[in-house]
Amino acid sequence: METERIKLRRWRDSDAEALFKYASDPDVGPRAGWPAHRTVEESLEIIRTVFHNDCTWAIVLKETDEPIGAMGYFTKDTSNIPIGDNDCEVGYWVGKPYWNRGICTEALTLMLDYCINVKHFSLIWADHFTGNQASGRVMEKCGFHDTGLLNRCSNLTGGDKDMVRIYRTDGFRPQEES
């Protein structure tokens, strides 16, 4: 999956230093619900455990071939919010130097296409901490709407005290082949 500027690909052990470079920033992880990484070794362990699945991709800047963030989806069993059996929740983050450049919007557009046309999910959900309005703007640019629902997500760092605002798509259907 790719655009002119980015591609989504699976994480590799060799990405640990790049992951640490961005995930160690205290302004990045807590906005997405996880603590800042403390060492390159911790980043490698995250790649090998949390990111080693069929639902998580590195957001790679094509110009440098460097991972600058992550994109993925969660099913009903792993979602932060109550979703249906044939729904998914998407999540993403990018390193601070890449904020406000449209990269999350590009990556989310790629992920939506995959979730709709490959995985055939009925509804796609997303959420963001109420203090992270930039993430909500990305969701809205990609066709999500604010459901008006707020939720606590105890499995997220900060999720016991800060609420998340819940968004969803209007029910995409896979494109029919002609």
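Q: In which loop is the place of His120?
A: This is a predicted model, in which local features need a pLDDT of at least 70 and side-chain atom pairs count only at pLDDT 80 or more, while totals for chains, interfaces and linings use all residues. Residues are numbered from 1 along each chain as its sequence is written, and side-chain values use heavy atoms, with hydrogens and water left out. Helices (DSSP runs of H or I, at least four residues) and strands (DSSP runs of E, at least two) are numbered from the N terminus. On this numbering, His120 is placed in the loop between H4 and E5.

Q: What is the mean pLDDT of the protein chain?
A: pLDDT is the predictor's confidence in each residue, on a scale from 0 to 100. In this chain, 90% of the residues reach 70 or more. The mean pLDDT of the protein chain is 90.

Q: Over which residues does pLDDT stay under 50?
A: The model has nine contacts beyond four places in sequence for this stretch, a contact being heavy atoms within 4.5 Å. The stretch where pLDDT stays under 50 comprises residues 172-178.

Q: Why does His120 count as partly exposed?
A: A residue is buried under 20% relative accessible area, exposed over 50% and partly exposed in between, calculated with a 1.4 Å probe on protein chains only. His120 has a positive phi near 60° although this residue is not glycine. His120 counts as partly exposed because its relative accessible area is 40%.

Q: Which residue other than glycine, in the loop between E2 and E3, has a positive phi of about 60°?
A: The loop between E2 and E3 is the place of this residue. At 40% relative accessibility, this residue counts as partly exposed. The residue with the positive phi of about 60° is Asp65.

Q: Which element gives the largest share of the largest nonpolar core?
A: A nonpolar core is a set of buried Ala, Val, Leu, Ile, Met, Phe, Trp, Tyr and Cys residues joined through side-chain atoms within 4.5 Å. The largest such core has 44 residues, of which Ile59, Tyr73, Val90, Trp93, Leu108, Met111 and Phe144 touch the most other members. The elements that give two or more residues to this core include strand E2 (56-61), strand E3 (66-74), strand E4 (88-94) and helix H4 (103-117). The largest share, ten residues, comes from H4.

Q: With which residues is Met111 in contact, leaving aside its neighbours within four places in sequence?
A: Met111 is one of the core residues that touch the most other members. Leaving aside neighbours within four places in sequence, Met111 is in contact with Met1, Leu8, Trp57, Met71, Gly72, Tyr73 and Val90.

Q: Which residue meets the side chain of Arg9 in a salt bridge?
A: Arg9 is placed in strand E1 and counts as buried at 10% relative accessibility. A salt bridge is a side-chain nitrogen of Lys or Arg within 4 Å of a carboxyl oxygen of Asp or Glu, and nine are counted in the model. Arg9 and its partner are both buried. At an N to O distance of 2.8 Å, the partner of Arg9 is Asp15.

Q: How many residues apart in sequence are the parts that the pair Arg48 and Asp13 ties together?
A: Arg48 forms a salt bridge with Asp13, the closest N and O atoms being 3.0 Å apart. Arg48 lies in helix H3 (residues 40-48) and Asp13 in the loop between E1 and H1, so the parts tied together are separated in sequence by 35 residues.

Q: Which strands does the pair Asp146 and Arg165 tie together?
A: The closest N and O atoms of the salt bridge between Asp146 and Arg165 are 3.5 Å apart. The pair ties together parts that are 19 residues apart in sequence, because Asp146 and Arg165 lie, respectively, in strands E6 and E7.

Q: How many bridges join strand E5 to strand E7?
A: Two strands pair if DSSP finds at least two bridges between them. E7 (residues 164-168) runs antiparallel to E5 (residues 124-129), and Ile166 in E7 is the bridge partner of Asp127. Strand E6 (residues 145-151) is also antiparallel to E7, through four bridges. The number of bridges joining E5 to E7 is five.

Q: What distance separates the C-alpha atoms of Arg165 and Glu41?
A: Arg165 stands opposite Leu150 and is partly exposed, with a relative accessible area of 26%. Not counting residues up to four places away in sequence, Arg165 touches residues including Ala126, His128 and Leu149. Glu41 is 124 residues from Arg165 along the chain, and their C-alpha atoms are separated by 33 Å.
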